[in-house]
Amino acid sequence: MSQPFTLTVVRKVPRLALSLGIIITLLLLIMPFLALLPASHPLAVSTYTLTLVGKILCYAIVAVALDLVWGYAGLLSLGHGLFFALGGYAMGMYLMRQAAGDGLPSFMSFLSWNELPWFWTGTQHFAWALCLIVLVPGLLALIFGFFAFRSKIKGVYFSIMTQALTYAGMLLLFRNETGFGGNNGFTGFTTLLGFNITATGTRISLFVATVLLLLISLIIGFALARSKFGRVLTAVRDAENRLMFCGYDPKGFKLFVWVLSAVMCGLAGALYVPQVGIINPSEMSPTNSIEAAIWVAIGGRGTLIGPLFGAVIVNGAKSWFTVAFPEYWLFFLGLMFILVTLFLPRGVIGLVRRRRDD
């Protein structure tokens, strides 16, 4: 079994990799504070740019999380959009309670509801919202993964089941009677921890928190990949039957990384919502989960850094194409995926390896 490519590169050129990582991290941490400069200043960053980059960084966290289960454990999930949206909805519940004050959220008043549903209890407290952000995606992933891995479901069947799960969640939340705003979802947020959510200072704090979460996700990913746990995951991906003959039970390893990945997506969704200002069931669309798999494939699965670049490249191109040529965006995405599959089977990060071998 071959070692993950990222580990090989880091061991070969640790100083270069570390230097580039530090430089990029510092630039990302400095960038939001440039929004404090006057608009006429040449280095000024607009709030729109800050929101756009923050959104893309949230997607990058999802790509890293998906790479842990697909790139290392060989579990292609087409339902990670569900965990992302659940974390977003948990944060959205808190933000809606903050906007409503002592009353009911606006959509409940519109539907002539007289009281909050039982599952909204405590959502006015930020600490409880944080618990929901972690527990809801984590518990759902734990229950689903327990039964799926116990039944030895894998391969394309696992992918279909995860896609069905996120589709069922989308249909459920589209219904008004579920108490999550129906097809409109949550919007109209005003404050976060008492601070104006549209204020530049709040935007800066959210952006920095997103960068830190991305760094923590990468650190956890690399720590797992370097450990014995990571080697077992690679064995699960490449030769699960042989691993079982060696006395290992792969169910626990797969379940742990599956739940961890879901929690990371939930946290990313929680940071996404206050920056973008809306969350609705369309975030659970199977299309979004498939697009996340494309980020990983384009960047290079099993590398952690590659999917991050894939998410940045694809979503950056999407932001430009949907403005310049909106009708051709999906064609461009399909072409990008086909070209990478044909000519860069290891993804964009594979170009580094090709140059090193040359």
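## Lys 318 and Glu 291

Lys 318 is partly exposed, with a relative accessible area of 28%, in what is a predicted model of the chain. This lysine forms a salt bridge with Glu 291, in which the closest N and O atoms lie 3.5 Å apart. The pair links distant parts of the chain, since Lys 318 belongs to helix 12 (residues 305-324) and Glu 291 to helix 11 (residues 286-299), with their positions 27 residues apart in numbering. Glu 291 has a relative accessible area of 9% and therefore counts as buried, the limit being under 20%.

## A network around Glu 240

Salt bridges that share partners bring Lys 154, Glu 240 and Lys 254 together in one network. Within it, the side chains of Lys 154 and Glu 240 meet at 3.6 Å, taken from N to O. This contact also connects distant parts of the chain, for Lys 154 sits in the loop between helix 6 (126-150) and helix 7 (156-173), while Glu 240 is in helix 9 (residues 228-245), 86 residues apart. The lysine, Lys 154, is partly exposed at 37% relative accessibility, whereas Glu 240 is buried at 13%.

## Asp 249 and Lys 251

A further salt bridge joins the side chains of Asp 249 and Lys 251, with an N to O distance of 3.1 Å. Asp 249 is partly exposed, having a relative accessible area of 42%, and Lys 251 likewise counts as partly exposed, at 32% relative accessibility.

## Whole-structure count

A search of the whole structure finds 6 salt bridges, among them the contact between Lys 318 and Glu 291 and the contact between Asp 249 and Lys 251.

Conventions. Residues numbered from 1 in each chain as written. Predicted model: local features only at pLDDT ≥ 70, side-chain atom pairs only at ≥ 80, totals over all residues. Heavy atoms only, no water. Salt bridge = Lys/Arg side-chain N within 4 Å of Asp/Glu carboxyl O. Helix = DSSP H or I, 4+ residues; strand = E, 2+ residues; numbered from the N terminus. Buried < 20%, exposed > 50% of the residue type's maximum accessible area, 1.4 Å probe, protein only.
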